[in-house]
Every structure is written in C-alpha cells, then in structure tokens.
Amino acid sequence: MTQNISNTPLNSQVIRPSFDRSTLKTRIVHIGFGAFHRAHQGLYTSEMIEKTGSDWGICEINLFGGELISKLRQQDHLYSVLEKSSDSVTAKISASVIESRHSVLDGKQAVLDKMTEPQVAIVSMTITEKGYCADLNTGRLDYNNALIIADLAEPEQPQSAIGYIVEALKIRKAKGIKPFTVMSCDNIQDNSRVAKQVILDYANKLDTELGTWIEQNVSFPCTMVDRIVPAITEDSLAQLTENLGVADPVGIVCESFRQWVIEDDFVNGRPEWDAVGATFVEDVRPFEDMKLRMLNGSHSFLAYLGYLAGYRYIYETMQDQAFRNAAFKLMTEEQAVTLSMPEGTDLTEYANLLIERFSNASIKHETWQIATDGSQKLPQRMCESLRFHLQHGTPTPCLILGVAGWMVYVSEQDEQGNKIIVNDPMLEQFRSAYKNAQTSEEIVLSLLGLNNIFGQDLIQNADFVNALVEVVEQLKTIGAKALVAKTL
Ligand code: NAI
Ligand code: CS2
C-alpha cells in the first residue's frame, strides 16, 4: 500500500484534528476543489468542526480536471495545508471533506444525485471568474458562452456550474425538497448576486415558474474571501513532504493570513464559521470592494507591469522600490478614495498590511498566474475605480498604467520580443484587436471597444483615451521598469 497522510504517522508538529469524521454529513456541496478552497473554506470548516463538534461535512465536486479528485480519494479525502508567514511555518491537516464527485469520473447523474440529497443545505463555489458564464460588466448571463448554449439545449446533461445548480434546484423543487443556499467564494464584485442573476437568467430561459421559485426560495449570500494561495509547484510539494514526513499530492501551501466576511443569509442553516475567525455581516459589499480594489487591483497592476519588467514573483516586485511605491500609491490614493467603509476602518493600515503580505518571500506567487483571465478581472479590480476618478475629475496615473500594462501584456510579446503565454477566455478577441491595429491609438481603441471588459462609457472619455495611448506608447518605448520608476 502506498504511504499517504491517511495511513502513515505524521511529524509530531503537524496539527491534526481529533473529531470523529464518521459523524459528519454532507451538508455542503462545494464546486471547484482548487488551490484556494483547500486553503480557505475547507480548512475553516475543518477547524470549525473541531471547535464546535458540528456535523457540517463537505462533498467536493469538480467538473473539470479529474486527477486531483482521484488523488484525494486515495487518502480518505484528507489533505494538508502549509501556512507560511515570513518567519514561520505551520502544517495542518484538513478533515472536513468526506466525499467527492467528478462529472467525468463518476458521471453527471452522480453529481446531480449528490446535489439533490435532502440534507445538502449549501452549494458553495470557487470556479474562477469565468465559471459564472457572465458578462461581468453587466452581471448578466452571457448567452454566447459555449457551455451555456450547450446547457440550454440539453439542460438535463449540464456542463456549466450554472447548469448543474439550476438542474439540481429543478429536481429539488419537483421532489418537494427544500432548496439550498448558493454561496460564491470567487473574487467577483457582488459575487453571489452575480451567481443569482446568471442562475435566474438561465432558469427563466428554461421555465419562468422555476425562475420565480428560485428567486423566492433560494438565498445567495455574498462573501469576501482572502488568502494568498499560489498554484502548487514541485518545490512547494517538496516543502510539504518535509514538514509532514510523507508526500501529499493534494496538499497546498499558502500565506498565514486569512479573512472571510459572509452575509448572514442562509435559507437552510449554516455552520458556525465565526467560531474560527470568519465574520458574518448584513452587507458584505464595502469589504468586497475594499479587497477587490486594494488587494486584487494592485495584484493585477503588479502582475502585468511586473511580468513585463521581468519579475517572476510578486515578492520580487516588492523589492523594487518604485513598484512598491506604485502599489501603495494605487491602493491609498486611487483605490481607497473610491470606497465607503464602515466607521473605524483604517484603509492606510490595510494598505500597509497588503504591502507586507505581498513582500512575503516565502510565498512564490507568479505574476504570470495572477495575469491569467484579465478580461474577467479588470472590471471589478480597475474599471469601477477608473469611472469614479473620471466622474470626479481626479488624477489616476496608476490605474491608467495598470490598464496600459494589461494592453501590452495581451499583445503576447514581452519587451525582449519573447512570446507571452496569455491565458484568457477572450484571447481570440485580443488577437484580432492586435491584428487590425498598427498604432498605439488603434490598439487602445480596439481593446477599449471590448464592452464586457470596459463597458460602453470608458472609450467615450477622450482625456482618458489620450492618456492611455500615451502610456501604452511609453511602455513600448522605455519599458515597464523605467516607466513605473518615472511615474513614481
Ligand atoms: P485553481 O485553478 O486551483 O482552481 C480552480 C477550480 O475551478 C478548479 O476546481 C476547476 O475545476 C474549477 N473551474 C475552472 N473553470 C471552471 C468552470 N468554467 N466551471 C466550473 N469550474 C471551473 O484556482 P484557485 O486558486 O483555487 O482559485 C479559484 C478562484 O478562487 C479564483 O479564481 C478566485 O476567484 C478565488 N480566490 C483565489 C485565491 C487565491 O489566492 N488562489 C484567493 C481568493 C479567491
Ligand atoms: C490574485 C488572487 O490570482 C489572482 O488574481 O489576485 O487570487 C489573490 O491571490 C487572492 O484574491 C488573495 O485573496
């Protein structure tokens, strides 16, 4: 038998929960067993069960990429999390996951059967921004999305997460089973309300009575989720083995910081995640905006310009004083000012904490990874704040530099003429924008014309367009490193 974390004694310093897993029930079905969920909701839930003795177990569902689920099963659904601050390391075992389903390994019906079990009270998601099949600028379902076209034609055989959720709710309604709460844990502004809108758009297209039932009976609490969790690498797997005493192919390495703010709106009960540090609030929006604009907005800024400047990791950009200053200025002068926070929130303190977290050299977060799917990220990270400044007539050099960095990045060529592997569902549109444009002005106009990223308004602002053209031109002539230094 292969040794793994479920059948081998672990190093003594590893923190292992002691609860009896046989008492857990699948009351949460989570779609998207990726890096983030393992280090965040999965671990919060394990620690919550340990502390409160509750029975809220999780069934993991992946619709794509079956390998991880197979490995998870081989180790009794246990996995490890290595939390790293700049000077300490803590290894923990997460034991909240009790079963799993995969749409290809087990079949679509097995996934739907699990989602329609009566005791399932929450369906949560980390399916990346593109998993919502939405136009993130309008928050509505993208009827041109290939998965949605296929699902609307054959709803009993869904492919998209949205298709699965609506089909499961349809079956629950038909059988008289209480619905579940739908909770998004993705980095999207109004994340669960976007989920609600696309689910209603999709359901109403199939059957308006179903749409009305969902609207009246399902709740969609928004969440602000935060923990920096880079994609796993050979190096981080080796660190895990060293800390655990045995290999864990499902383990994950992340920073020690974590935060979770959740709207307290669950139709079918909820776990006491607040027992282990999560916060339940009435309205999560201010916290979501704060995190998406200050953390994620500056992350994307550092990702595009940092990549172009030759920095592989975020912590390396923080070692360049100009990038560090630029990130701080972006957070405090261009993002924080757009926010309306509850009294007592100290956004300068928050910015300082973010700079400290980005500087953690033990977290190897690639600029390339964060640059992924920019078309899905820019609306909530940069465009809303740009609108604020354009309306108020206030300067916004860092946001313009950030958008210009993205525009040059999606050209697929770095400053040395090497190919950039651009990972984005809108890559073909970027290619045709570049194919038909010669000058910086033509490129800027072409890319700003992509309405589901920039809306219809930004391209109308001549001062903004001119400023952007100039920065794109400068990026091409003097390069990102020199331009960031010059701007600051
Ligand atoms: P990952 O690549 O490790 O996992 C992505 C998961 O989404 C996989 O389970 C995959 O099967 C699923 N997925 C991808 N496309 C999908 C689609 N079209 N439909 C259904 N499922 C789909 O990525 P990771 O790091 O887990 O991040 C996932 C999301 O979590 C991010 O996009 C972000 O919104 C959120 N998040 C990530 C953080 C991080 O630091 N990694 C921190 C905070 C939030
Ligand atoms: C990052 C986020 O990959 C990205 O786009 O900006 O995943 C970031 O690490 C998290 O939101 C931190 O909570």
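Okay, one definition before anything else: when I say helix or strand, I mean a DSSP run, at least four residues for a helix and at least two for a strand, numbered from the N terminus. With that in hand, here's the bit I'd like you to keep in mind: H10 gives the largest share of the shell around ligand 2, with 4 residues. And a reminder that this is a predicted model.

So let's stay with ligand 2 for a minute. Which residues are around it? Going along the chain, we have Asn187, then Asp226, Arg227 and Ile228, then Lys291, Leu295, Asn296 and His299, and after those His365, Ile370, Lys377 and Arg381. By class, that shell splits into 5 charged, 4 polar and 3 nonpolar residues.

Now the polar contacts. The side chain of Lys291 puts an N or O atom 2.6 Å from an oxygen atom of ligand 2. For Asn187, a polar side-chain atom sits 2.9 Å from a ligand 2 oxygen. Arg381 also comes in through its side chain, with an N or O atom 2.9 Å from an oxygen of ligand 2. How much of ligand 2 does the protein bury? On its own the ligand exposes 340 Å², and the protein buries 88% of that. As for elements, H10 and H15 are the ones that give two or more residues to this shell.

Where does ligand 2 sit, then? Its space is the largest pocket. And here's the nice part: the space taken by ligand 1 is the largest pocket too.

On to ligand 1. There are 19 residues around it, and those that come nearest are Ala35, Phe36, Asp186, Asn187 and Val229. The class split for this shell is 8 nonpolar, 7 polar and 4 charged.

For ligand 1, let me go through some backbone contacts. A polar backbone atom of Ala35 is 2.8 Å from an oxygen of the ligand. Phe33 has a backbone N or O atom 3.3 Å from a ligand 1 oxygen. Then there's Asn187 again, where a backbone N or O atom lies 2.9 Å from an oxygen atom of ligand 1. So that's Asn187 using its backbone towards ligand 1 and its side chain towards ligand 2, by the polar contact cut-off of 3.5 Å. Next to that Asn187 backbone contact with ligand 1, here's the area: taken alone, ligand 1 exposes 820 Å², of which the protein buries 80%.

Let's look at the pocket itself. Its volume is about 1,500 Å³. The lining has 49 residues, and nearest the centre you find Gly34, Ala35, Phe36, Thr128 and Gln369. By class, the lining comes out as 22 nonpolar, 17 polar and 10 charged. Elements that supply at least two lining residues each include H1 (35-39), H5 (146-153), strand E10 (223-226) and H10 (285-308). H14 (367-371) and H15 (374-392) are also among them.

Last thing, the second largest pocket. That one has a volume of about 340 Å³. Its lining is 15 residues, with Asp142, Asn145, Gln376, Pro425 and Met426 nearest the centre. H15 turns up here as well, supplying at least two lining residues, as do strand E7 (134-135) and helix H19 (451-454). The classes there are 6 nonpolar, 6 polar and 3 charged.

Terms used
Residues numbered from 1 in each chain as written. Chains lettered and ligands numbered in written order. Predicted model: local features only at pLDDT ≥ 70, side-chain atom pairs only at ≥ 80, totals over all residues. Heavy atoms only, no water. Near = heavy atom within 4 Å. Polar contact = N/O pair within 3.5 Å; in protein donor to acceptor, adjacent residues only side chain to side chain. Areas by Shrake-Rupley, 256 points an atom, 1.4 Å probe, with all protein chains shown as cover. 1 Å grid on protein atoms, 1.4 Å probe; cavity = no way out; pocket = protein on both sides within 12 Å on 5 of 7 lines; lining within 4 Å. Sits in = over half its atoms within 2 Å of the grid points. Nonpolar A, V, L, I, M, F, W, Y, C, P; charged D, E, K, R; others polar. Points joined across faces, edges and corners; volume = space filled by probe spheres on them.
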